[in-house]
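Thanks for making time this morning; I would like to walk you through one model, beginning with a metal site and then turning to a ligand site.

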Amino acid sequence: MSGPVLQALPERLADVRGVDLHMHSRASDGALTPGELIELCLARGLTHVALTDHDTLDGVAEADRACRRLGLRLIAAAELSCQWRGIGIHVVALLPEGASAGFTAGLETLHQARERRSREIAHRLEKIGLDDGVARARLEAGSERPLGRPDFAAALVSAGLVPDRKTAFKRYLGAGKRGDVKMHWPELSTVVGWIRESGGVAVIAHPLRYGMTRRKRDLLFSAFIEAGGEAAELISGYQNPDTTFDLARQLAFHGLYGSLGSDFHYPGGALAPGTISPAPASHVKPIWLHPALASFGGEIRETC
Ligand code: AMP
Ligand code: MN
Ligand code: MN
Ligand code: MN
């Protein structure tokens with residue numbers, strides 16, 4: 001069937017429409033199945049998308065089938081958990097050639113790290129009155145997928161220990177709180193290595209959401225580039241225009257490609273697929289101009 005007409009993506013980030021390279025499905029902590037997510041992307045006028053579930057590629061095959069059926073362009077991807085200087089960092093892996101054996105083994109490592117981390121989070125939450133945390137989080141997840149902090153947030157709400165999930169993160173699970181357990185994650189350079197050996201592009205996810213000073217972000221970008229990282233998200237959901245403008249200068253300074261995405265998780269919230277702040281005019285090169293992504297961003301004659 002014929003889907004949307006896929007033209008080559010523009011040469012400037014500021015001119016782009018219809019692209020969202022950071023979204024979640026039920027394969028991790030999103031609410032929609034991959035198929036439902038892609039249908040919503042189509043309805044919202046998106047043409048080029050990436051499913052970036054946490055530490056898994058499990059939803060990608062279904063998303064790919066939906067994209068082929070509906071005429072959207074998909075890039076295989078995942079959002080990998082890692083740490084740098086003791087800070088939890090997320091790296092989006094864009095994998096135009098799919099996953100290497102090393103990448104797949106890396107996902108297994110992350111899976112095990114997530115299980116060990118779940119037990120540690122549960123242990124730490126016992127002290128504030130949450131018993132059987134892993135079992136409660138599993139109940140909230142409603143499937144056998146790997147558990148994440150949002151499941152523990154839901155468990156805290158159900159147990160009546162906090163009024164809502166937002167408060168759960170603010171008090172117990174957010175960056176630097178007792179339930180923010182990072183020690184099981186691999187180093188930043190390790191996950192970038194898995195992406196590189198897959199022929200993929202490593203992207204620092206939401207660089208403004210780590211509570212870092214600009215100077216610290218400079219150090220993060222330098223370490224990331226040294227490890228083989230090549231891009232960062234210039235736009236993640238809604239951002240303050242002044243902050244975005246400054247981030248664009250920082251990416252341009254480091255020669256990083258710029259990506260963008262909503263970080264959409266569930267309908268009914270502030271974000272939907274494709275809801276992102278506009279990119280400012282800048283010298284940041286769009287990620288789709290990276291040679292590895294040429295066939296993703298280029299003009300497509302047949303529907304994908
Ligand atoms: P995890 O991958 O288990 O470390 O969980 C991280 C996920 O928790 C993020 O991708 C978000 O979906 C969610 N999250 C992180 N911080 C917050 C927050 N402050 N409020 C609500 N959700 C959050
Ligand atoms: Mn998430
Ligand atoms: Mn993230
Ligand atoms: Mn995300």
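**The metal site, then ligand 1**

In this model, which is predicted, the manganese ion (ligand 3) is coordinated by three side chains, namely E79 through OE, H90 through ND1 and H206 through NE2, at 2.1 to 2.2 Å. Along the chain, the donors of this manganese ion (ligand 3) follow the spacing E-x10-H-x115-H. The pair E79 and H90 links distant parts of the chain, with E79 sitting in strand β4 (residues 77–84) and H90 in strand β5 (residues 87–94), 11 residues apart. Buried or exposed, what are E79 and H90? Both E79 and H90 are buried. There is also a second manganese ion to keep in mind, ligand 2, and 5.7 Å separate it from the manganese ion we have just discussed, ligand 3.

Let me move on to ligand 1. The residues that surround ligand 1 are D29, H54, R114, R117, G148, R149, P150, F169 and H265, and by class this shell has four charged, three polar and two nonpolar residues.

As for individual contacts, oxygen atoms of ligand 1 lie 2.5 Å from a polar side-chain atom of R117, 2.8 Å from a polar backbone atom of R149, and 3.0 Å from a polar side-chain atom of H265. On its own, ligand 1 has 500 Å² of accessible area, of which the protein covers 71%. Which elements give two or more residues to the shell around ligand 1? They are α3 (101–126) and α5 (149–158).

Technical notes: Residues numbered from 1 in each chain as written. Chains lettered and ligands numbered in written order. Predicted model: local features only at pLDDT ≥ 70, side-chain atom pairs only at ≥ 80, totals over all residues. Heavy atoms only, no water. Near = heavy atom within 4 Å. Polar contact = N/O pair within 3.5 Å; in protein donor to acceptor, adjacent residues only side chain to side chain. Areas by Shrake-Rupley, 256 points an atom, 1.4 Å probe, with all protein chains shown as cover. Helix = DSSP H or I, 4+ residues; strand = E, 2+ residues; numbered from the N terminus. Nonpolar A, V, L, I, M, F, W, Y, C, P; charged D, E, K, R; others polar. Donors = N, O, S within 2.8 Å, 3.2 Å for Na, K, Ca; no water. Buried < 20%, exposed > 50% of the residue type's maximum accessible area, 1.4 Å probe, protein only.
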